[in-house]
Amino acid sequence: MTLFTLNQVPKSLSLTNELVKSLRTEIQKGSFKPGDKLPSSKVIENQAGVSRSVVREAIAQLKAEGLVDSRQGVGVFVTAIQPTTAFKIDRAEFESIHNAIQILELRMSVESEMSGMAAKNRSDEQMQNIIDCMHAMENKIALGEKATTEDFAFHKAIAEASGNPYFLRFIDYIGSGVIPAREIITKYEKDSGSEKLLTVIQEEHQQITRAIQAQDSELAKASAKAHLSNSIKRHTQIEESLVSELPKKS
């Protein structure tokens with residue numbers, strides 16, 4: 001029988017993703033060979049300190065990744081042919097505050113440079129497209145709507161203006177998840193409504209647009225970094241608040 005030691009899953013708002021990460025690591029480092037049977041749900045529950053439903057969801061995600069396969073009445077086994085590892089962000093990861101923060105950190109590294117290059121390389125036509133996208137957002141917000149599609153178009157317009165097609169491919173890959181679910185913030189922030197939040201975000205967009213229009217590469221980088229840094233702070237404050245409310249283990 002394969003020796004199995006799994007650390008306790010850290011207390012967070014994404015126990016399933018944490019358990020998936022732990023099990024994936026054990027499989028990829030060879031603790032479980034192709035064809036090996038995973039320990040029972042009960043063993044995983046006890047070692048990781050999670051519920052049966054969390055284990056069930058984690059196994060389902062590993063199956064979707066092609067790392068394991070289940071045989072009815074027998075158990076769950078590591079697949080004989082391991083899939084090639086490719087960069088991937090699952091849709092469900094955008095719905096977790098903790099994961100949203102980490103994705104925002106990735107975006108901050110990429111999009112600050114992207115905005116700087118847009119300021120340097122943009123054409124007049126591309127600049128007009130960025131401005132049009134920003135105005136489209138303003139119109140939707142004025143109508144009390146979310147403007148998620150228009151926000152995504154704004155980021156794509158900046159990517160196109162950068163002159164580097166890989167920036168555009170990155171934004172396209174992330175898709176509408178490039179815009180964090182603002183309901184995460186407005187759902188838990190009692191002192192700030194969605195209208196106020198959207199106004200703040202739009203002011204940050206305007207600052208990025210002005211910097212690109214002025215062809216000030218350094219200011220565009222700083223503005224994009226500030227925009228995403230502020231979003232990270234908003235998400236972090238909520239995560240810390242919610243984690244502090246979790247029941248403490250006796």
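Modeller: A crossing of two helices is right-handed if the near helix is turned clockwise from the far one by less than a right angle, and left-handed if anticlockwise. In this structure the crossing of H6 and H7 is right-handed. The model is predicted, so local features need pLDDT of at least 70 and side-chain atom pairs pLDDT 80 or more, while totals for chains, interfaces and linings use all residues. Residues are numbered from 1 along each chain as its sequence is written, and side-chain values use heavy atoms, leaving out hydrogens and water.

Colleague: Why are H6 and H7 called roughly antiparallel?

Modeller: The axes of H6 and H7 (residues 165–174), which are DSSP runs of H or I with at least four residues, cross at roughly 160 degrees and come within 8 Å. The axes are lines fitted to C-alpha atoms over the stretch in contact, with angles from 0 to 180 degrees between N-to-C directions. Angles over 145 degrees count as roughly antiparallel, and H6 and H7 are therefore given that name.

Colleague: What makes H4 oblique to H6?

Modeller: The axes of H4 (residues 97–121) and H6 (residues 148–161) cross at roughly 60 degrees. Oblique is what remains outside under 35 (roughly parallel), 65 to 115 (roughly perpendicular) and over 145 degrees, so H4 is oblique to H6. Their crossing is left-handed.

Colleague: How do you know that Arg71 lies over the face of Phe77?

Modeller: A charge sits over a ring if CZ of Arg or NZ of Lys is within 6 Å of the ring centre and within 35 degrees of the ring normal. Arg71 is at 3.8 Å from the ring centre of Phe77 and lies over its face.

Notes:
Helix = DSSP H or I, 4+ residues; strand = E, 2+ residues; numbered from the N terminus.
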